[in-house]
Amino acid sequence: LRIAAPAIIVKYYFPKLLGEFKKLYPKVKFDVHVARSSDVESLVNSMEIHFGFIRNENDWPEDERFMLSSNHVCAVSAKPFKLIDLPNMVQVDYDTDKYYKNMLDNWWKETFNDAPIVGTRVSNLDMCKEMVFNGLGYGILPSILIKEYPQLYSIPLMHKDGTILLRRTWLIYKKENINLLLPQAFERFLKESDFDSFQRNY
């Protein structure tokens with residue numbers, strides 16, 4: 001079974017998800033690619049994989065995708081703070097896909113007049129989380145990452161209209177590429193499961 005997903009999904013969901021599926025189909029073998037959402041879409045389009053997990057809003061055909069989960073985005077710090085404090089606080093920034101970067105930049109511009117003060121820049125979400133945990137600044141992170149650190153202070157990001165900034169997880173595929181029994185079983189398994197139940201809790 002060939003699948004691809006961003007690192008956050010592979011790390012926080014795949015161990016339990018694939019483990020539960022293997023209990024049902026003990027002979028299954030997995031080929032897992034870690035890639036950014038835009039690259040996952042390309043892998044599905046080129047039929048190199050059966051299924052892609054993506055974190056972008058998309059115009060994928062309705063009958064070849066379904067939403068698995070949604071989580072909110074929050075500002076996170078090792079010390080108490082308020083959202084209005086962010087422009088005066090030091091930020092830990094990180095590399096991410098273009099869609100998510102634009103999403104965060106647009107939220108910042110609609111909320112604050114001043115640019116963020118970036119004190120540390122790292123290459124991924126997990127490194128950002130560790131820097132925040134060790135007091136190097138605040139981070140803007142998906143809520144998925146902060147369950148394991150209940151001692152951190154977090155505030156969901158909100159638009160001016162009061163709606164919370166969300167990031168959804170989708171499953172995408174090409175119908176002609178899942179016409180075998182195993183891919184069909186995996187699709188059915190995901191549709192019948194609570195995706196959030198696979199999130200690790202440590």
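**Aromatic pairs, buried polar residues and the largest pocket**

The structure contains 15 aromatic pairs. One of these joins Phe 21 and Tyr 25. Their ring centres lie 4.9 Å apart, and the planes meet at 35°, a tilted arrangement. Phe 21 is buried, at 0% relative accessibility. Tyr 25, by contrast, is partly exposed, with a relative accessible area of 31%. The model is a predicted one, and the values reported here were computed from it.

Phe 21 also pairs with Phe 186. This second pair is edge-to-face, with 5.1 Å from centre to centre and 80° between the planes. The angle is classed as edge-to-face because it is over 60 degrees. The pair links distant parts of the chain. Phe 21 belongs to helix α2, which covers residues 14-24. Phe 186 belongs to helix α6, which covers residues 181-192. The two residues are 165 positions apart in sequence. Phe 186 is buried, and its relative accessible area is 0%.

Both pairs fall within a wider cluster of rings. Its members are Tyr 13, Phe 14, Phe 21, Tyr 25, Phe 30, Phe 51, Phe 53, Tyr 173, Phe 186, Phe 189, Phe 195 and Phe 198, joined by ring pairs.

A charged residue meets an aromatic ring elsewhere. Arg 65 lies over the face of Trp 170, at 4.3 Å from the ring centre. Arg 65 is part of strand β4, residues 65-77. With a relative accessible area of 13%, Arg 65 counts as buried, because the limit for that class is under 20%. The side chain of Arg 65 also makes a polar contact of 2.7 Å with the side chain of Glu 62. Beyond four places in sequence, Arg 65 touches Asn 58, Trp 60, Trp 170, Leu 171, Ile 172 and Tyr 173. Among these contacts, Tyr 173 is a member of the ring cluster.

Strand β4 also holds Asn 71. This asparagine is buried, with a relative accessible area of 8%. A polar contact of 2.8 Å joins its side chain to that of Arg 55. Residues up to four places away in sequence aside, Asn 71 touches Arg 55, Pro 142, Ser 143, Ile 144, Leu 165, Leu 166 and Arg 167.

Leu 157 sits in the loop between β8 and β9, the latter covering residues 166-172. Although placed in a loop, Leu 157 is buried, at 0% relative accessible area. Its contacts outside four places in sequence are Val 73, Cys 74, Ala 75, Leu 83, Trp 107, Ile 140, Thr 163, Ile 164 and Leu 165. Leu 165 is thus in contact with Leu 157 and with Asn 71. Asn 113 is 44 residues from Leu 157 in sequence, and the C-alpha atoms of the two are 16 Å apart.

Two other loop residues are partly exposed. Gln 151 lies between β7 (139-142) and β8 (153-156). Its relative accessible area is 47%. Gln 151 and Leu 86 are separated by 65 residues in sequence and by 19 Å in space, C-alpha to C-alpha. Met 47 lies between α3 (37-45) and β3 (51-54). Its relative accessible area is 31%. The backbone at Met 47 has a phi near 65°, a positive value in a residue other than glycine. Most residues other than glycine have a negative phi.

The largest pocket holds about 370 Å³ of space. Its lining comprises 21 residues. Pro 6, Ala 7, Ile 8, Asn 124 and Leu 125 lie nearest the pocket centre. Helices α1 (7-12) and α5 (125-133) each contribute at least two lining residues. The largest share, four residues, comes from α1.

Methods
Residues numbered from 1 in each chain as written. Predicted model: local features only at pLDDT ≥ 70, side-chain atom pairs only at ≥ 80, totals over all residues. Heavy atoms only, no water. Phe/Tyr/Trp six-rings, centres within 6.5 Å; stacked < 30°, edge-to-face > 60°. Buried < 20%, exposed > 50% of the residue type's maximum accessible area, 1.4 Å probe, protein only. Lys NZ or Arg CZ within 6 Å of the ring centre and 35° of its normal. Polar contact = N/O pair within 3.5 Å; in protein donor to acceptor, adjacent residues only side chain to side chain. Contact = heavy atoms within 4.5 Å. 1 Å grid on protein atoms, 1.4 Å probe; cavity = no way out; pocket = protein on both sides within 12 Å on 5 of 7 lines; lining within 4 Å. Points joined across faces, edges and corners; volume = space filled by probe spheres on them.
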